[in-house]
Amino acid sequence: MGGKKTVFVLSLGCAKNQVDSEHMLGLLKSKGFRLSYVVEEAHIAVVNTCAFIQEAVEEAIDEILELASLKEKGQLERLIVVGCLVQRYGYKLAREIPEVDGWLGTGEIHRIAEVASIRPGEMVQSFYIGRPFYLADHRVPRIHSEPFYSAYLKIAEGCSHRCSYCIIPAMRGPFRSRRPESLIAEAKEMIGKGAREINLVAQDTTMYGKDLGGSVCLESLLERLAVLKGIRWVRLLYCHPHGMSERLLDLIDSEKVLCPYLDLPLQHVNECILRDMHRKRGKESPLELMERIRSRKRRISLRTTLMVGFPGETEEVFHELCEFVKEAEFDHLGVFTFSPEKGTRAARMKSTVTRKEAERRLHKLMGLQAGISERNNRRLLGEVAPVLIEGRSAEHDDMLMGRTATMAPEVDGQVLIAKGRGIAGEIVPVLFTKAFPYDLLGEIAA
């Protein structure tokens, strides 16, 4: 009976959550469920939630309640909620949202088909939550929801850092690396299905392998990935600033398959703020780190994430952050406001910045970055670079859109192509003809 049902999976949050959702799709299909990408055609809806900050919690609750209303109208038979929200808030969710039939914490996603198979009326609610130690590998079925030419490879789960503002270790457990053999096997499968780029993700990709011992490390994994036949781009996301080894930079400098791109979430640059964040300063300052990275022959595109409004961030401290952004000239920048998350040390600190002021600081930083990004893009005018075609632009249906190797999917800008023909998944040479704050305009060069 359960195997004849159709399931819709809604994935919220980051790329790491998306990988979990794709594993759930694979597990459901392997047990005979049909899959739908629209909720109107489904008997069962699954929501994979994010709960990193309060905004994500509110988004998850809104989506759950909207699907619960469909169930009340008889348009859905069952509703299942999975992931970080469940792990964070536990059994009280079941009391507050009785319309939900099943709850699975982050360590229980492998039970999704079991919970989806329970017939309406057999059980009021099923609730599975435990210590978040589950680690999926290449043997767990997975159905890729992203475009065939781009894939996320989750190389580790959890986090062992103890940043004072972050709830992730409690929701995801300690850092756990996957075995390199498992990752190589999954990467080969991705390539076999048409992936041209593989994006490595974890809470801290530079920590990969340190819990496994021996010679296992990120650098050795990259060396093995770089020689796989058929792969064009391998990109590193979520790197810790303290993990920038010379060997890693040497690899990016020499291996053309490795994208000249580093995502380094710095969070802040002020020493007192970093201390209170429990993000100790390394042997070099953030600017010294930038200089070391940019001293390489190959120009490496840099992305970072910064937090504003953390307790103790005076106007003088914020000015220091602004000056750093001006001097560092990041290619890509994301900014978010401090959110006092219950259960973290930072939530117990006295707030010194109002929400309104934090928002003002966010907009000021992003205004600075818009000018920096446009100047960086103007330097590319007249140059030709490989671009991965992603299809027609949603905003400009007479143009193609794509990304360079220095643009990560979903979070960075794009290249609009006004002239020439291309097929989604192709990597073609594009001549850049016009620059915008975050995007580029160009034409296929050959």
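Thr6 is found in strand S1, which spans residues 6-11, in what is a predicted model. With a relative accessible area of 7%, Thr6 is buried, and, leaving aside its neighbours within four places in sequence, Thr6 is in contact with Arg34, Leu35, Ser36, Glu41, Ala42, His43 and Ile44.

**Nonpolar cores**

The largest nonpolar core of the model has 55 residues, and those with the most contacts inside this core are Ile155, Leu200 and Leu262. Helix H12, residues 315-328, supplies the largest share of this core, namely six residues. Apart from this core lies another, of 42 residues, which includes Leu10, Val39, Leu70 and Phe127.

What does Leu262 touch, when residues up to four places away in sequence are not counted? The partners of Leu262 are Leu236, Cys239, Met244, Leu249, Ile252, Ile293, Ile300, Ser301, Leu302 and Arg303.

One of these partners, Met244, lies in the loop between strand S11 (233-236) and helix H9. Met244 has a relative accessible area of 4% and is therefore buried, the cut-off being under 20%. Outside its neighbours within four places in sequence, Met244 is in contact with Thr206, Cys239, Leu249, Leu262, Leu264, Leu289, Arg292 and Ile293. For the pair Met244 and Thr206, which are 38 residues apart along the chain, the C-alpha atoms are separated by 7.5 Å.

**Helix H8 and its surroundings**

Helix H8 is mostly covered, in that seven of its nine residues are buried. The buried residues are Leu218, Glu219, Ser220, Leu221, Leu222, Leu225 and Ala226, and they pack against helix H7 (180-192), strand S10 (197-201), S11, H9 and S12.

The pairing of H8 with H9 can be described in some detail. The axes of H8 (residues 218-226) and H9 (residues 246-254) come within 9 Å and cross at roughly 20°; the two helices are therefore roughly parallel to each other, since angles under 35 degrees count as such. H8 passes H9 in a left-handed crossing. On the H8 side the contact is made by Leu218, Glu219, Ser220, Leu222 and Glu223, and on the H9 side by Arg247, Leu248 and Leu251. Divided by class, the contact of H8 with H9 has four nonpolar, one polar and three charged residues.

**Helix H12 between two partners**

Helix H12 also takes part in helix pairs, with H11 and with H13. The axes of H11 (residues 286-294) and H12 come within 11 Å and cross at roughly 10°, and H11 and H12 are therefore roughly parallel to each other. In this pair, Pro286, Leu287, Met290 and Arg294 of H11 meet Phe324, Glu327 and Ala328 of H12, a set that divides into five nonpolar, no polar and two charged residues.

With H13 (residues 355-378), H12 packs at an angle of about 20°, the axes being 10 Å apart, and these two helices are therefore likewise roughly parallel to each other. H12 passes H13 in a right-handed crossing. The residues of H12 that make the contact are Glu315, Phe318, Leu321, Cys322, Val325 and Lys326, and those of H13 are Glu357, Arg360, Arg361, Lys364, Leu365, Leu368, Gln369 and Ile372. By class, the contact of H12 with H13 divides into seven nonpolar, one polar and six charged residues.

The residue classes of the helix contacts are set out below.

| Helix contact | Nonpolar | Polar | Charged |
|---|---|---|---|
| H8 with H9 | four residues | one residue | three residues |
| H11 with H12 | five residues | no residues | two residues |
| H12 with H13 | seven residues | one residue | six residues |

**Loop residues with positive phi**

Which backbone angle of Gln267 is positive although Gln267 is not a glycine? The angle is phi, at about 75°. Gln267 is found in the loop between strand S12 (258-263) and helix H10 (271-276), and at 8% relative accessibility Gln267 counts as buried.

A positive phi is also given by His278, a residue other than glycine, for which the value is near 65°. His278 is found in the loop between H10 and H11, and His278 is partly exposed, with a relative accessible area of 40%.

Methods: Residues numbered from 1 in each chain as written. Predicted model: local features only at pLDDT ≥ 70, side-chain atom pairs only at ≥ 80, totals over all residues. Heavy atoms only, no water. Core = buried A, V, L, I, M, F, W, Y, C linked by side-chain atoms within 4.5 Å. Buried < 20%, exposed > 50% of the residue type's maximum accessible area, 1.4 Å probe, protein only. Helix = DSSP H or I, 4+ residues; strand = E, 2+ residues; numbered from the N terminus. Contact = heavy atoms within 4.5 Å. Axes fitted to C-alpha atoms, helices over the stretch in contact; angles between N-to-C directions. Parallel < 35°, antiparallel > 145°, perpendicular 65-115°, else oblique. Left-handed = near helix turned anticlockwise from the far one by under 90°. Nonpolar A, V, L, I, M, F, W, Y, C, P; charged D, E, K, R; others polar.
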